[in-house]
Amino acid sequence: ITNGTANITAGYFAAGHDDEGTDYGSKYLLNCMDSAYSAGKAVYNITGGYFEGFNPEDNLAEGAGTNFCAEGYMAVGDPDGNYTVIVDELYGKVAEVKGTYYETVTAAINAADDGDTVLVLPGVVDEYIAPWAADTTHKSEKSITLIGSTDEEGNLLTTLTGGVYLGYDDGHNNGKTITVENLIFNTKGLVVAGAAEVNVWNNQF
């Protein structure tokens, strides 16, 4: 593309090899004029399609990590190195409980049953997490494990910046157990009120 937007919704895309059998064509199957791309004047907006040997979400066309997929879409690869663009079902989701994903951590905690684990997905969450802050009756409080994501080496991948307040602070013991694990707290921290047992493991403050 030299100028304008190419909207790709479906189709099969492939490039032939050169005389030496290299895959240069596949690596740059989609491309833009560099200056136009940098200026935002040349744009790919991909919401579907099959791409032979080319990852529309992570390629070298405009430098390492170039992503031509539209917001909310992702490329799924097969064993042969080909990719299909589909809707990203996790787009906008930040937490998971028993296989269901939620757009806020508060919603995930509210949906959890007593004793459940709420997994916060990798990334930065700016939400103020205070699911029971207004519950003077303590009826909505529950035992939960709030856990962040880690990589294979155990590095923490989840950062919370808005603060976490679990409980309602009026001196009442709700008999619940709160576990908070594998989270990075940045700017604002953690408050737990009224719990019978509190476990805070492997977090950064």
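Biologist: Is V198 buried, partly exposed or exposed, and what is its relative accessibility?

Modeller: This is a predicted model, and in it V198 sits in strand β17, residues 197-201. Buried would need under 20% relative accessible area and exposed over 50%. V198 therefore counts as partly exposed, with a relative accessibility of 41%.

Biologist: Which residues make the nonpolar surface patch of about 290 Å²?

Modeller: V198 of strand β17 is one of the residues in this patch. The full set that makes the patch is V198, V200 and F205.

Biologist: Thanks! Turning inward, which element supplies the largest share of the largest nonpolar core?

Modeller: Nonpolar side chains tend to be buried together in soluble globular proteins. Here the largest nonpolar core has 23 residues, and V105, I109, V118, L146, L160 and L166 touch the most other members. At least two residues each come from β7 (95-97), α3 (105-111), β9 (117-120), β11 (144-148), β13 (164-166) and β14 (177-181). The largest share, 3 residues, is from α3.

Biologist: And how many residues are in the second, separate core?

Modeller: Happy to add that one. A36, F51, A61 and A75 are among the members of this separate core. Its residue count is 17.

Biologist: Back to L146: which residues does it contact, leaving aside neighbours within four places in sequence?

Modeller: L146 is one of the residues that touch the most other members of the largest core. With those sequence neighbours set aside, its contacts are V105, I109, V118, V120, V164, T179, V180, E181 and L183.

Biologist: Why is C32 not bonded to the closest cysteine sulfur, and how far away is that sulfur?

Modeller: C32 counts as buried, because its relative accessibility is 6%. C69 counts as buried too, at 10% relative accessibility. A disulfide needs the two sulfur atoms within 2.5 Å. The closest cysteine sulfur to that of C32 belongs to C69 and is too far for a bond, at 13 Å.

Biologist: So what does the disulfide count come to?

Modeller: C69 is in no disulfide, with the sulfur of C32 as its nearest cysteine sulfur. The count comes to 0.

Biologist: One last stop, at P122: what separates its C-alpha atom from that of T159?

Modeller: P122 lies in the loop between β9 and β10 (123-125), and it is exposed, with a relative accessible area of 52%. Beyond residues up to four places away in sequence, P122 touches S149, L157 and T158. P122 and T159 are 37 residues apart along the chain, and their C-alpha atoms are separated by 7.8 Å.

Methods
Residues numbered from 1 in each chain as written. Predicted model: local features only at pLDDT ≥ 70, side-chain atom pairs only at ≥ 80, totals over all residues. Heavy atoms only, no water. Core = buried A, V, L, I, M, F, W, Y, C linked by side-chain atoms within 4.5 Å. Buried < 20%, exposed > 50% of the residue type's maximum accessible area, 1.4 Å probe, protein only. Helix = DSSP H or I, 4+ residues; strand = E, 2+ residues; numbered from the N terminus. Contact = heavy atoms within 4.5 Å. Patch = residues over 30% accessible without salt bridge, like charges linked within 9 Å, V, L, I, M, F, W, Y side chains within 5 Å. Areas by Shrake-Rupley, 256 points an atom, 1.4 Å probe, with all protein chains shown as cover. Salt bridge = Lys/Arg side-chain N within 4 Å of Asp/Glu carboxyl O.
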